Amino acid sequence: MQIVVELDEYELAHAAMAGCQRRIASILKARPQVYGAGERKNYWQIDIIGMIAEYAVAKAFDKHWQPATNQRLSDLLGDVSYYQVRSTEHRDGHLFIHPQDKDAPFILAIVVERHVLLTGWLTRTEGLLVGENRSADTWWVRQDQLNGFELWPDPVAWSDMVRPKG
């Protein structure tokens with residue numbers, strides 16, 4: 001089962017502005033681009049689309065969304081609660097997993113204008129097992145390899161699996 005989230009103009013504006021704030025903070029702090037973003041040079045797109053996807057996940061699962069605009073992402077519990085969100089604008093896009101990722105639930109979100117399709121999810125461990133290693137540190141997981149949301153466990157189970165640092 002997939003989930004489609006529709007955002008209104010105010011939700012889109014809020015998420016897009018958070019993406020702009022994240023990009024500006026990255027520029028001012030001279031944060032390095034990782035996982036090939038430096039080669040693609042679509043930094044603004046990555047941040048804005050990523051924030052729209054995070055907002056949609058928070059809306060779908062009724063979670064508070066605190067956009068990380070001026071924080072180290074590694075210090076956060078997850079993008080939305082315990083959940084990690086990976087986004088793309090490609091309808092046939094893949095979920096990218098990296099060995100150094102937290103072993104948390106990763107959700108693939110496809111952003112098409114005001115609609116966000118949550119195609120499925122899996123954990124880092126599952127992604128490293130089923131994904132295709134296409135570079136030294138990136139596993140590509142096809143959409144048909146993701147768990148549907150009918151298999152989404154009780155959120156309390158995630159809190160037992162993913163613990164905050166410290």
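Contact, in these legends, means heavy atoms within 4.5 Å. Welcome to a predicted model, where local features need pLDDT of at least 70, side-chain atom pairs count only at pLDDT 80 or more, and totals for chains, interfaces and linings use all residues. Residues are numbered from 1 along each chain as its sequence is written, and side-chain values use heavy atoms, with hydrogens and water left out.

**View 1. V57 and its surroundings.** Setting aside neighbours within four places in sequence, V57 is in contact with V80, Y83, V85, I107 and L118.

**View 2. The largest nonpolar core.** A nonpolar core is a set of buried (under 20% relative accessible area, 1.4 Å probe, protein chains only) Ala, Val, Leu, Ile, Met, Phe, Trp, Tyr and Cys residues joined through side-chain atoms within 4.5 Å. This one has 26 residues, and V57, F61, W65, Y83, I107, V116 and L118 touch the most other members. Two or more residues come from each of α1 (9–28), α3 (43–60), β4 (105–112) and β5 (115–123); helices (H or I, at least four residues) and strands (E, at least two) are DSSP runs, numbered from the N terminus. The largest share, eight residues, belongs to α3.

**View 3. Another core.** Apart from the largest core lies one of eight residues, including L95, I97, W139 and V141.

**View 4. A three-stranded open sheet.** The strand order is β3-β7-β6, with antiparallel pairing; two strands pair if DSSP finds at least two bridges between them. β3 (95–97) and β6 (132–135) stand at the edges with a single partner strand each, so one side of each lacks a neighbour in the sheet.

**View 5. Where β3 meets β7.** Three bridges join β3 to β7 (residues 138–141), and the two run antiparallel. Look for L95, whose bridge partner in β7 is V141.

Definitions and conventions
Buried < 20%, exposed > 50% of the residue type's maximum accessible area, 1.4 Å probe, protein only.
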